[in-house]
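Here's a quick tour for anyone meeting this structure for the first time. Have a look at it below, and then we'll go through it topic by topic.

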Amino acid sequence: MIVYFNNEFKELEEVAVSPFDRGFLFADGVYESIRTYNGKLFRYKDHLDRLRKSLKETRIDFKDLGSLENIIYELIKKNEIKNEALVYLQITRGSAIPRTHSFPKEKISPTLFISVKELNENNEEQEKAVKVILQEDIRWLRCDIKSISLLPVVLASQKATKENAAEAILVRDDIITEGTHTNFFAVKNETVYTAPKSRLILEGITRKVVLEFCEKFKIDHREEFINKDDLKSYEEFFITSTTKEITPVTTIDYWTINKGEIGKITKSLQNVFKKVVEDY
Ligand code: PLP
């Protein structure tokens with residue numbers, strides 16, 4: 001595997017990260033996951049804007065955002081990826097000795113790491129729907145930053161895996177925020193609901209795409225928090241992300257929704273999504 005690490009394309013085995021890297025010590029860094037359709041990075045500008053925001057909010061001084069797109073395409077080429085690629089990009093504040101919580105006194109260069117892998121185009125989850133579980137949202141209060149500090153996500157995802165669920169949906173003070181790596185949607189009376197943009201959720205690019213579809217096709221939609229106690233009043237559910245696209249949810253904990261059938265609005269949004277990415 002060839003990766004990009006601090007200004008160089010390298011064989012993975014040749015990469016050495018300092019144990020004093022602040023990403024390693026403090027999870028002091030941010031990341032993005034981007035995929036291609038027809039070999040083209042999907043909604044690259046949106047991902048770049050979100051990365052810019054994450055860097056600004058964490059005050060990581062990474063200057064060279066403009067060159068990333070070419071590096072990513074070059075990396076895809078070097079890894080001889082034939083079908084679609086999933087790109088992982090991480091920037092940490094950099095490495096500094098001694099270890100101090102506050103920013104290092106001397107100026108340090110951020111550490112950049114990019115890897116790509118071939119996407120396994122298995123659409124079973126999208127076609128058959130998935131089960132999710134509810135879990136307490138124990139994350140910090142800046143979930144709008146795509147931070148690499150993901151321990152609460154690791155623990156909730158592991159619980160989901162153990163319970164044969166595709167995702168853990170997070171609940172903070174009785175309101176549903178989002179999934180560990182997805183945004184959460186519900187449908188009631190032909191209206192699509194999802195949590196509003198705030199510090200409690202990551203503004204997913206796929207979420208944005210779905211809301212654009214609702215706007216374009218005149219599907220009523222509201223950015224409102226859903227209370228976990230009202231879940232049973234909704235008729236359809238789905239989750240969205242770069243890799244899960246629009247994935248229907250037909251089981252939440254022990255509740256099977258709509259006899260396990262994918263909802264009508266979910267299906268039509270999936271169809272639009274499919275068309276858009278086919279033509280991308
Ligand atoms: N919410 C969280 C917490 C995530 O980590 C992600 C993606 O990783 C998403 C939502 C979905 O975002 P996107 O649609 O940009 O992949």
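How many residues does the hairpin that joins β14 to β15 go through? It goes through three. Keep in mind that this is a predicted model. We'll begin with β15 and its partners, move on to the ligand, then visit a second sheet and finish with some backbone oddities.

**Strand β15 and its neighbours**

- Strand β15 covers residues 245-252, and eight of its eight residues are buried, so the rest of the structure largely encloses this strand.
- On the antiparallel side of things, β14 (residues 236-241) is joined to β15 by five bridges. I239 of β14, for instance, has T247 as its bridge partner in β15.
- Strand β7 (residues 130-136) runs parallel to β15, and three bridges join the two. Here you can look for V130, whose bridge partner in β15 is V249.
- There's also β16 (residues 255-256), which runs antiparallel to β15 and is joined to it by two bridges. Opposite W255 in β16 you'll find I252.
- The hairpin of β15 and β16 has two residues between the strands, and D253 takes a positive phi there, near 50 degrees.
- As a rule of thumb for looking at strands like these, side chains in a regular strand alternate between the two faces of the sheet.

**Around the ligand**

- Where does the ligand sit? You'll find it in the largest pocket.
- There are 17 residues around the ligand, and the ones that come nearest are K146, E178, I205, T206 and T242.
- Several parts of the fold chip in: β9 (175-179), α6 (205-216) and β14 each supply at least two residues of the shell around the ligand.
- K146 has a polar side-chain atom 2.8 Å from an oxygen atom of the ligand.
- For T206, an N or O atom in the side chain is 2.6 Å from an oxygen atom of the ligand.
- T242 also has a side-chain N or O atom 2.6 Å from an oxygen atom of the ligand.
- How much of the ligand does the protein bury? Taken alone, the ligand exposes 390 Å², and the protein buries 92% of that.

**E212 on helix α6**

- Helix α6 also holds E212.
- Is E212 buried, partly exposed or exposed? Its relative accessibility is 34%, so E212 counts as partly exposed.
- The side chains of E212 and R43 are joined by a polar contact of 2.8 Å.
- E212 and I226 are 14 residues apart in sequence, and their C-alpha atoms are 20 Å apart in space.

**The open sheet with β5**

- Six strands make an open sheet with antiparallel pairing, in the order β2-β1-β6-β5-β3-β4.
- Why is one side of β2 (8-11) and of β4 (40-41) left without a neighbour in the sheet? Both stand at the edges and each has a single partner strand, so nothing in the sheet pairs on the other side.
- Strand β5 (residues 85-92) is mostly covered, with seven of its eight residues buried.
- One partner of β5 is β3 (residues 29-37), which runs antiparallel to it and is joined by seven bridges.
- Another partner is β6 (residues 111-118), also antiparallel, with eight bridges joining it to β5.
- T92 is a handy residue to find: it is the bridge partner of G29 in β5, and its own bridge partner in β6 is T111.
- L86 stands opposite K117 in β6.

**Backbone oddities**

- Most residues other than glycine have a negative phi, and most peptide bonds are trans. Against that background, a few spots are worth a look.
- The peptide bond from I97 to P98 is cis, with omega near 0 degrees. P98 is found in the loop between β5 and β6.
- R59 isn't a glycine, yet its phi is positive, near 55 degrees. R59 lies in the loop between α2 (44-58) and α3 (68-78), and it is exposed, with a relative accessible area of 61%.
- N164 isn't a glycine either, and it has a positive phi of about 55 degrees. The loop between α5 (151-162) and β8 (167-172) is where N164 lies, and at 69% relative accessibility N164 counts as exposed.

Notes: Residues are numbered from 1 along each chain as its sequence is written. This is a predicted model: local features need pLDDT of at least 70, side-chain atom pairs count only at pLDDT 80 or more; totals for chains, interfaces and linings use all residues. Side-chain values use heavy atoms; hydrogens and water are left out. Buried means under 20% relative accessible area, exposed over 50%, partly exposed in between (1.4 Å probe, protein chains only). Helices (H or I, at least four residues) and strands (E, at least two) are DSSP runs, numbered from the N terminus. Two strands pair if DSSP finds at least two bridges between them. A residue is near a molecule or strand if one of its heavy atoms lies within 4 Å of it. A polar contact is a pair of N or O atoms within 3.5 Å; within protein, one must be able to donate a hydrogen and the other to accept it, and residues adjacent in sequence count only if both atoms are side-chain atoms. Accessible areas come from the Shrake-Rupley method with a 1.4 Å probe; for residues, only the protein chains shown count as cover. On a 1 Å grid over the protein atoms alone, a cavity is a set of points where a 1.4 Å probe fits but cannot get out, and a pocket is an open set with protein on both sides within 12 Å along at least five of seven lines; lining residues have an atom within 4 Å of a point. A molecule sits in a cavity or pocket if more than half of its atoms lie within 2 Å of its grid points.
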